[in-house]
Number of protein chains: 2
Amino acid sequence: MPKGTFFNLPDEKRERITEAAIDEFAEYSYEGASITRIVDNANIAKGSFYQYFEDKKDLFKHIIDIIGEKKLMYMTRLLKDFEKLDFFQAFREMYAAGIKFAKDNPRLSKIGNSLIKGADVKLMQEVLGEAIPKSNEFIKGMLLRGIQRGEIAPEIDADIVAYMLTELSISISEYFIKEMKAEDDMEILELADKMIFVIENGIKKR
Amino acid sequence: MPKGTFFNLPDEKRERITEAAIDEFAEYSYEGASITRIVDNANIAKGSFYQYFEDKKDLFKHIIDIIGEKKLMYMTRLLKDFEKLDFFQAFREMYAAGIKFAKDNPRLSKIGNSLIKGADVKLMQEVLGEAIPKSNEFIKGMLLRGIQRGEIAPEIDADIVAYMLTELSISISEYFIKEMKAEDDMEILELADKMIFVIENGIKKR
DNA sequence: CCGTCATATGACTTAATAGTCATATGACGG
DNA sequence: CCGTCATATGACTATTAAGTCATATGACGG
């Protein structure tokens, strides 16, 4: 967690620092990010940085927290009437929300993805804590509920499929960031639908 | 490409260097890898390294070449009677070969995956060249052939599905490296079959 | 036995990094 | 107007990195 001084800062300055950090981590990932470049771009002194943060990891965790909060905002609306939807509707909504997040926040999305996909498993666990296992469990729960409701073929392996769905949700936002030039939502939602079409046929009960 | 001197080296020394480099890149990825550690572990002088290689990237490309050659060996046997197999058989064989490669060569697999998943797209293109697009085209070709043969539902989007299959093949070898303790082939092939089950239902013609 | 030439060496240079610290500033209460 | 205290600063340290280079070695042909 950042030190108290960081939160005492005038909003403008705090945001300048946050922006510079997001730029840096999005471009260079955690390892490659340079504190010196961040303070230069934020126009603060090196020493000031260490008045606000313990160290590089402290800053990074803070940025990851911001990402988590923002992503949650995209999901909460959806979580309210989650019970009403069948699995495939809910799943489509989840993907759509994830895609919208990636579209609106490409830098944040990039930081998150490169953390998850990165080689440094230790860093990931330290920074994300239980978020990944939890989200996997959540999807698995969705699948099991779908099976109980008779929407999903009971012979699937819920663990494997949950893993596949997580991986594909990451790759879809990556695909978006890499390929799409952010012109319109339509194209990317079509893309998601095409993926979901395959998944749906793959796991639905007949 | 390494300099001539590298290939003039006695086999034992050349292998010592190669091994040290593989260890290093597997543990730290390209960015984090240290030439100093490599030369220390290989027991050669820093200066000698630069008699053999232009620079760090030159070494890395060489290691990637080795990976490519080795992976090709796992695939060639299979490529011979590729025409005889239907799509799902061929696909299963491909996954199985990929898994076997990852099992036999976890360090090489790790290097390859972290390159592909890494943030540095420029590096990837420079080092892998056309390998990724080509492999994507190859899978797409398989899919289109499957459609012509009436094995695969014609309404799928071959581009998207090819992309999904590539992503999943990477995540399966990652899953293997992370989760499995390399005890037996069986478990991981079962895992692959469970994935393929979903994909097969997802895209086969009814 | 000598001279040559490919190879081997590690101290060195340059540049970048994260993090520190003595000092300066400036706002605000008394 | 002064003293205090949180904050601001950038030169500095210490470490590590990639890459260089003058010099040493040693094998081999004449």
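Okay, before anything else, one term: when I say helix, I mean a DSSP run of H or I at least four residues long, and the helices are numbered from the N terminus. You'll need that for the names I'm about to use, like α10(B), which gives twelve residues to the lining of the largest pocket, the largest share there. And please keep in mind that what you're looking at is a predicted model.

Let's start with one chain. Chain A has eleven helices and zero strands. So if you walk along the sequence of chain A, what pattern do you follow? It's just α-α-α-α-α-α-α-α-α-α-α. Put a box around the C-alpha atoms of chain A, along the principal axes, and you get roughly 65 × 35 × 30 Å. Chain A has 206 residues, and 46% of them count as buried. Now take the contacts in chain A with a separation of 6 or more: 67% of those join residues 24 or more positions apart.

Let me zoom in on helix α2 of chain A, which covers residues 11–32. A:T18 sits in that helix. Is A:T18 buried or exposed? Its relative accessibility is 14%, and the cut-off for buried is under 20%, so A:T18 counts as buried. Who does A:T18 touch, once you set aside neighbours within four places in sequence? The answer is A:F6, A:I63 and A:I66.

Further along in α2 of chain A there's A:S29. Here's the odd bit: most residues other than glycine have a negative phi. A:S29 is not a glycine, and yet its phi is positive, about 60°. A:S29 is also buried, because its relative accessibility is 17%. Over in the other chain, B:S29 likewise lies in helix α2, residues 11–32. Phi of B:S29 is near 60°, so again a positive value in a residue other than glycine. And B:S29 is buried too, with a relative accessible area of 18%.

Now, how do the two chains relate? If you rotate chain A by 180° with 0.0 Å of shift along the axis, it superposes on chain B with an RMSD of 0.1 Å. That means the two copies are related as by a two-fold rotation axis. Which C-alpha of chain A is nearest that axis? That would be the one of A:G202, 1.8 Å from it. Both copies use the same surface, and 100% of the contact residues of chain A recur in chain B.

On to the interface itself. The contact takes 25 residues from chain A and 25 residues from chain B. The size of an interface is often given as the accessible area lost when the parts come together. Here, about 2,500 Å² is buried between chain A and chain B, and carbon and sulfur atoms give 74% of that. If you want three residues to click on, try A:Y163, A:M164 and A:V198: they supply 22% of the area that chain A buries against chain B, more than any other three.

Back to that largest pocket. Its volume is about 1,400 Å³. There are 50 lining residues, and the closest to the centre are A:K117, A:E167, B:K117, B:E167 and B:S171. Which elements give two or more residues to this lining? From chain A we have α7 (106–117), α8 (121–128), α9 (131–148) and α10 (158–179), together with α7, α8, α9 and α10 of chain B. By class, the lining has 21 nonpolar, eleven polar and 18 charged residues.

Last stop, the cavities. How many of 30 Å³ or more turn up in a search of the whole structure? Two. The largest has a volume of about 70 Å³. Its lining includes A:F82, A:L85, A:M142 and A:R145. Both α6 (87–104) and α9 of chain A supply at least two residues of that lining, and α9(A) gives the most, with three. The lining divides into five nonpolar, one polar and four charged residues.

The second largest cavity comes out at about 60 Å³. Among the residues lining it are B:F82, B:L85, B:M142 and B:R145. The elements giving two or more residues are α6 (87–104) and α9 of chain B, and α9(B) gives the most, again with three. This lining splits into five nonpolar, one polar and three charged residues.

That's my tour, thanks for listening.

Key. Residues are numbered from 1 along each chain as its sequence is written. Chains are lettered from A and ligands numbered from 1 in the order in which they are written. This is a predicted model: local features need pLDDT of at least 70, side-chain atom pairs count only at pLDDT 80 or more; totals for chains, interfaces and linings use all residues. Side-chain values use heavy atoms; hydrogens and water are left out. Buried means under 20% relative accessible area, exposed over 50%, partly exposed in between (1.4 Å probe, protein chains only). Contact means heavy atoms within 4.5 Å. Copies are superposed by least squares on the C-alpha atoms of residues with pLDDT of at least 70 in both. On a 1 Å grid over the protein atoms alone, a cavity is a set of points where a 1.4 Å probe fits but cannot get out, and a pocket is an open set with protein on both sides within 12 Å along at least five of seven lines; lining residues have an atom within 4 Å of a point. Grid points are joined across faces, edges and corners, and a volume is the space filled by probe spheres set on the points. Ala, Val, Leu, Ile, Met, Phe, Trp, Tyr, Cys and Pro count as nonpolar, Asp, Glu, Lys and Arg as charged, and the others, Gly among them, as polar. Buried area is the accessible area (1.4 Å probe) that two parts lose on being put together, summed over both.
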